[in-house]
Amino acid sequence: MWSSAQIDIRRRVSPRDLPELMDGECSYEEFRGCLRSLEQVNGWLQGYRPTLAWLERLSRGPRDPVHILDVGSGGGDLLRQIARWTQRRGIAVLLTGIDLNSYAARAAAESTPKELGIAWVTGDALVYQPDKPVAIVVSSLTAHHLEDEEIIALLRWMETTAQAGWFINDLERSERSCRMFGWAARVLGWHRFVRHDGPVSFRRAFRKEDWVRLLAAAEISHDAVTVEHWRPGRLCVGRWR
């Protein structure tokens, strides 16, 4: 496992230069165990809070369901949170999760009560053609798995696909957050993939200047988006139309 002392936070490291275990070959049981541990991490670190706060603009009461697409949905924990959050507020939604990893949809379905009505898709979001138009695209802890050119392509795709807005919830590259994660991973005994990949993720994560550069490359006006720090350890980028 990497120690925080080994992490150079001055620049974002390419995922191809510093791979994570969960992105490599593994069994379904290992992948599912990692996803379940990540759900615990997200709960402990309040990782859903930024996305749910951003969704507060959604209108309440009877209306056509709002189609929300989660890119890189993994084990489905974010959409389960959104489903319960919208139910409490009387917001009608249609929820779809899409992930490239063939294990993800299976793991998400196993962990999701059928009454939540979430659809799971295996595939590339950038070529996905949903039956109903997508109003909102969300993504959580996916961007740091991508190369810069892939993030730029994702930003452009979200701009043309999301009719109401999009939101990226990801990590902020900081020594303080990394130290806290390393301590929690040891104390709470998270999955071995998570213990290894956490510090790696912080090296692949972002600072505000990274998002300014990526947005400019995607030809999205910085004035049209928000780049917000959320404690602990999140840096989120959002756009409402």
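This passage describes the two largest pockets of a predicted model.

Empty space in the structure was located with a probe. Rolling a probe the size of a water molecule over the atoms shows where empty space is left.

The largest pocket holds about 1,000 Å³ of space. Its lining comprises 46 residues, and the closest to the pocket centre are Gly72, Asp99, Leu141, Thr142 and His145. Several elements each give two or more residues to this lining. The helices are helix 1 (28-44), helix 3 (77-89), helix 5 (148-161) and helix 7 (192-204). The strands are strand 1 (61-71) and strand 2 (91-99). Helix 1 provides the largest share, six residues. By class, 23 lining residues are nonpolar, 13 are polar and 10 are charged.

The second largest pocket contains about 190 Å³ of space. Its wall is made by Glu172, Ser174, Arg176, Ser177, Met180, His229, Trp230, Arg231, Pro232 and Gly233. Two or more of these residues come from each of helix 6 (175-188) and strand 6 (226-230). Helix 6 gives the largest share of the lining, three residues. The class counts here are three nonpolar, four polar and three charged residues.

The two linings can be set side by side. Nonpolar residues number 23 in the largest pocket and three in the second largest. Charged residues number 10 in the largest pocket and three in the second largest. The leading contributor is helix 1 for the largest pocket and helix 6 for the second largest.

Methods. Residues are numbered from 1 along each chain as its sequence is written. This is a predicted model: local features need pLDDT of at least 70, side-chain atom pairs count only at pLDDT 80 or more; totals for chains, interfaces and linings use all residues. Side-chain values use heavy atoms; hydrogens and water are left out. On a 1 Å grid over the protein atoms alone, a cavity is a set of points where a 1.4 Å probe fits but cannot get out, and a pocket is an open set with protein on both sides within 12 Å along at least five of seven lines; lining residues have an atom within 4 Å of a point. Grid points are joined across faces, edges and corners, and a volume is the space filled by probe spheres set on the points. Helices (H or I, at least four residues) and strands (E, at least two) are DSSP runs, numbered from the N terminus. Ala, Val, Leu, Ile, Met, Phe, Trp, Tyr, Cys and Pro count as nonpolar, Asp, Glu, Lys and Arg as charged, and the others, Gly among them, as polar.
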